[in-house]
Amino acid sequence: MRYHTPSSFEDATAIAARATGTTRYLAGGTDVLVQLRSDVVTPDDLIDVKHIPGVKDITQTDDGGWRIGVAVAGAEMTEHGGLGRDWPGIVEGMDLIGSTQVQGRATLTGNLCNGSPAADGVPALIAANATVTVTGPDGARDVAVEAIPAGPGKTTLAQGEMVTAVNIPARGKNGGDAYLRFIPRTEMDIAVVGCAVNLTVEGEKITGARVVLGAVAPTIRAVEDAARAIIGTTLDDAALNALDAAAQAACAPIDDKRGTIEFRTEVAGVLAKRAAKIAYARARGEAK
Amino acid sequence: MVAVNLWSGLRALADGQEVVEVEGETVGQLLDALVAAYPGLAPAMERGVSISVDGQIIPKNRGAKVNTDSEVFILQRLYAG
Amino acid sequence: MSKIHVTTTVNGDEVEYLCDPRETLLDCLRDRVGLTGAKEGCGTGDCGACSVTLDGRLVCSCLVLGAEAEGKEVTTIEGMATGDTLHPLQRKFIEHAALQCGICTPGILIAAKALLEKNPDPTETEMRYWLAGNLCRCTGYDKIIRAVMDAAQEMREAS
Amino acid sequence: MALDSDTQKFKYIGTRPDRPDGLDKVTGRARFGADFSMPGMLHGAILRSPHAHAKILKIDATKALALRGVKAVVTRADFPTGLTGEDWNIQENVMAGEKALYDGHAVAAVAATSQLIARDALKLIEVEYEVLRHVTDVDKAMADDAPVIREGAADYSVPEGMHPNIVRYMESGRGDLEAGFAAADLVLEQSYKTEAAHQGYIEPHACVGQLGADGKGELWCCTQGHWFVRQMCTAVLGLEATQLRVTPSEIGGGFGGKTTVFIDPVALALSRKANRPVKIVMSRSEVLRASGPTSSASMDIKMGMTRDGKITAASGTFRMQGGAFPGAPVDVTTMLAFANYDIADVHHIGFDVMTNRPKQAAYRAPGAPMGAFAVESMLDELCRQLGLDPIDTRLKNAVKEGTRATFGPKFPPVGLIETLEAAKAHPQYNTPLGPNQGRGVASGYWMNWGGETSASVAIGEDGTVQVSIGTPDIGGSRASMALMAAEAFGVPYDNVRVNIADTGTLGINEPTHGSRATFASGLATVEAAKEAIGKLCKRAADKWGIDAEAVTWEDGFAKPSGPNAGEFPPLSIAEIAAEMGSTGGPISGHFESSPDGFGGSFGTHIVDLEVDPETGRSTILRYLVVQDAGKAIHPAYVEGQFQGGAVQGIGWALNEEYIYGADGRLQNPIFLDYRVPVASDLPMIDTIIVEVPNPGHPYGVRGVGETGITPPLPAVANAVRDAIGVRMTQLPLTPPRVLAAIKGRG
């Protein structure tokens, strides 16, 4: 294995583009090193991106949005006051990954590019309509976060391409988001089901919403029917029940060691309702 | 003679008796006498058994003393964990 | 096989080692630097026995490459006491019988110290969640949490 | 052995001093298994079968041996043949012969100049397998069409016509079941299942071995019992026992799982071939796949009870798989299943069954928690259906001194009633519960253990005391030995140094297992101290020119025993020690025995928990352990045993399990998915130490290590029943299972 420490994204992508074997980018390393240690993936070229200027920065853009560097660790997002005030759901999703120790290393970009349908950091990004900047041999482009995962362990990134920043839109007024996941313990597990809800309100009425489910299909998915179930409502019981049903209907999970099809489906509905309530309260300024 | 209680799985190997009387002043002597009287018990004894004398479990001490009025039970071979 | 030359600071001392790019910081601390206080319990970041701080940040040293330590500051359990004066957490762990076998103890002490540096007055719940990545199989955590709470109180009173 | 604990006044015993090895363990200085290294040392790695059951047709290590840095490869061909019984089982388990018997079974091993090279070399070993049908479930393994793991493994006890995977069969009991059930007002029958759990010690197995062509060897390893390691390694390798010297490192948890060997003989075999020391450290996934988890169990229970709560009869059938070898602890399960209660008519049937899983090893009270889960669950259900209080009902049936145990003999003094009364009196038992909350009660028992024990004490030239014992300190036992030695000699606790001796230094010792260390090594330490005290008194008597019998030992001083003995100023242990060399030489004491006076320990637990009705997840709210310690030598470490046992039991009850896929491979071989409890899963664990002295120990000690894992399985299940209104009969109580039960999908 060759270990590279490029000092620019151009150099990093050039190394990747030239590579003939298995290539991995190293940011937090909390997936890459696990795969390495267990002989699942031993890259021929490992490209450590942490020497590239700006990768550890969280910056607010001119339009009020946020740009998160690819090597920003979860703990740095949690400790950042402004980001969490705007997008608590995104921050809490990231914060749920692993232990305090893992939080010291794990990154949002890594969580996305690992391609897991159970990634806790991703649903709230999709719910927020976040994009990533993808840099490759042909330059940079912005891509919806939703378009990156391509199934368990896979992404739509081409060889030589890499994510070089996460872009989160401006929160705007009267909006709130939330992310909840289900695990058997209180910590340290992979999500059996995850659900992010992002919504805006006018008064008591929900004017816009995104509902995103994780771990219930090969890729994390935004569920438009679930969003429609609550848009235009005050999140009353009927709306919540419709949300529950729409979330469950969108599930196409598998039976595995972490949960059954029935369980995942039912709990997806439960989490959708609970996350919607939190997001709603946040949008109405009734909760942090 | 000492009365020795057998667990029910052993009884078939000792002519169906639940309690057999054998001579012996120690656990070892009792076990040997049992096999002499009921050769069918030999494989069970070879595999190993534990014994209780007056309520005390004796995992393998063949030298432990037994009185004629002692209450003796043969138990499955026990081990620690 | 080409090795990487790394210069780093461990417990305040400058340290150099040569490592294979695949070796973790934990491997390097244990096998190259000779500090065996950090333990490998899982190798997957799930047990916390290898906890160290890297530039002040609590991490699992099994999830950091040895090569990544270049130019950084690493603190391990061996750097926790000052001379022969134990850190209050170390003292309280002994006093409260907060260890049985002791294999998780170095990692838990490092993690607890990082917590108290960030939050000198954590609630029991905050403590339990902060330490959720440090598995202990012997104690059921009760005496560990009591020891950390007691140490935190002593440190607050002393400051 | 005389005991008058009720009147004994202790100076040191019962206090809570700092443990002697505390400093080493909080500074990272303590050396555990993987912390040893040797000059010239190689690193070993083991190739493991990816198949649950496969014939090994061919192993070709040519490419591996050609890799630079590789010094040796061993396969089964490098081990002696002709072993029988358990020796063969262990040899077959540490290195597969004709067949790989489970996912993770060792098939070859490499020694190389670095860990990375050794791991690279494993990938170059070519193994040709013929994959066979496999079975991992105990009930399926007993079915007619189950693949046979190994012909001829059954012992004398198995009736003809049973499947060859059934390797032991047992029946025990007494009385008239039919009459007993007829006398009941309510008879229930139910089947229960528990899944295999792993001890989950945080320290993976590790060793450094050196073995020469002359048959002499050294081994450093983390183990609960280094004489066991010596016996197993020498048997597996065809060596003479005392030619291998085994030194235990500090041990990072064992819970029974480090009473046997997995890698040690392999390191020695590699060393013999490479002529260099070899270190092997297991990875976590190797630990989970290929060390010794406990058995899984499938059980049918029938119990009868009168309207007023008297158990009239009980019967149980217990089917347990112990992996690909005989040895599931079903004998203990049958013995202890109903042992809490006074039952005239009782019957047990047990099956020891082989499957394509790793060879089970002991896990804290091996065999007891499974039976307790089934029986204590049913007892709870009987109470529920008859409207009876679960503690009062247990009190009504509880065994006490003189009760005829369900396994035959009469009980010596035991403390079940005392634990039940203390539990009932605890405020937790009467605290109101909220919605979706439930409370569960259960009791449990472990009979404890004596075992071969050898200890010595030696007096230092300054009058301090050196204690050498052979039971590794796994949870603070150095402190309890030092307290007992301090008490016996009447010297300060800090004047005692306790060493864990290697196999070359003491006679044989069984491991730290069976809750025996404080009992047996403690007893041996006290008896060895008495011998040394006799010698100290003799030196004083010689000095004073009186008979040794006229000297007594009190609080660290030799004194004339009465006015008739003469008047002499007391001589301190330090004064006598200072003159040792010129008064007859060193003073020490020894004790060797297999003490049989171990007394069993009963415990009663209460758990309060809340179940999320929408997700099925259980949260433990409050937990109480009450257990009989006989006499708590160092109460803090006794509490620690209670708390640790309870939490392991909670893990087993809620989330820990071995999950095998249809391919027979273990699905969850990492701590991410083998879910042991984490700190945030738990509340504080309250404890009450009950002390009903054990007449078999000079200070009344009962072992306390194991009982604590027995009640949590049923206590948690009973609490979930209380919370959700549905009885769960299969562990673990994972959220998907509990939610299905709530939704009526059972």
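**Exercise 1. Find the residue with positive phi that follows helix α19(D), then describe how the helix is packed.**

Solution. D:Gly744 follows α19(D), and its phi is positive, near 75 degrees. Helices (H or I, at least four residues) and strands (E, at least two) are DSSP runs, numbered from the N terminus. The model is predicted: local features need pLDDT of at least 70, side-chain atom pairs count only at pLDDT 80 or more, and totals for chains, interfaces and linings use all residues. Residues are numbered from 1 along each chain as its sequence is written, chains are lettered from A and ligands numbered from 1 in the order in which they are written, and side-chain values use heavy atoms, with hydrogens and water left out.

Step 1: burial. Helix α19 spans residues 735–742 of chain D and is mostly covered, with six of its eight residues buried. Buried means under 20% relative accessible area, exposed over 50%, partly exposed in between (1.4 Å probe, protein chains only).

Step 2: names. The buried residues are D:Pro735, D:Pro736, D:Val738, D:Leu739, D:Ala740 and D:Ala741.

Step 3: partners. In chain A, these buried residues pack against β9 (175–182) and α11 (261–283). In chain D, they pack against β24 (601–611) and α18 (712–724).

**Exercise 2. Give the strand order of the open four-stranded sheet in chain D and identify its edges.**

Solution. Two strands pair if DSSP finds at least two bridges between them.

Step 1: order. The sheet runs β16-β24-β25-β26, with mixed pairing.

Step 2: edges. β16 (437–446) and β26 (685–690) of chain D each have a single partner strand, so one side of each lacks a neighbour in the sheet.

Step 3: angle. Neighbouring strands are turned by 15 degrees against each other on average, direction ignored. Axes are lines fitted to C-alpha atoms, for helices over the stretch in contact, and angles run from 0 to 180 degrees between N-to-C directions.

Step 4: register. β16(D) and β24(D) are antiparallel, with 10 bridges. D:Gly438 stands opposite D:Leu609 in β24(D).

**Exercise 3. State which pair of chains has the most contacts, then describe that interface.**

Solution. Contact means heavy atoms within 4.5 Å.

Step 1: pairs. Four pairs of chains touch, and chains C and D share the most contacts. Chains A and B do not touch; their nearest C-alpha atoms are 28 Å apart. Chains B and C have no contact either, and their closest C-alpha atoms lie 15 Å apart.

Step 2: size. Chain D gives 53 residues and chain C gives 46 residues. The buried area is about 4,000 Å², 60% of it from carbon and sulfur atoms. Buried area is the accessible area (1.4 Å probe) that two parts lose on being put together, summed over both. On the chain D side, D:Val26, D:Ile202 and D:Met684 lose the most area to chain C, together 19% of what that side buries.

Step 3: polar links. There are five salt bridges between chain D and chain C. A salt bridge is a side-chain nitrogen of Lys or Arg within 4 Å of a carboxyl oxygen of Asp or Glu. One of them joins C:Lys39 to D:Asp35, with the closest N and O atoms 2.4 Å apart.

Step 4: elements. α1 (22–26), α4 (115–122) and α17 (635–654) of chain D each give two or more residues to the side that touches chain C. α17(D) gives the most, with nine residues.

**Exercise 4. Describe the interface of chains C and A, then the hairpin formed by β3(C) and β4(C).**

Solution. Step 1: size. The contact takes 29 residues from chain C and 27 residues from chain A. Together they bury about 2,200 Å², 61% of it on carbon and sulfur atoms. In chain C, C:Arg57, C:Leu63 and C:Glu68 lose the most area to chain A, together 27% of what that side buries.

Step 2: salt bridges. The rule finds five across this interface. C:Lys118 pairs with A:Glu79, the closest N and O atoms being 3.3 Å apart.

Step 3: elements. β3 (51–54), β4 (57–60), α3 (105–118) and α4 (124–130) of chain C each supply at least two residues. β4(C) supplies the largest share of the chain C side, four residues.

Step 4: hairpin. β3(C) and β4(C) run antiparallel, joined by four bridges. C:Leu54 stands opposite C:Arg57 in β4(C). Two residues lie between the strands, and C:Asp55 in the turn has a positive phi of about 50 degrees.
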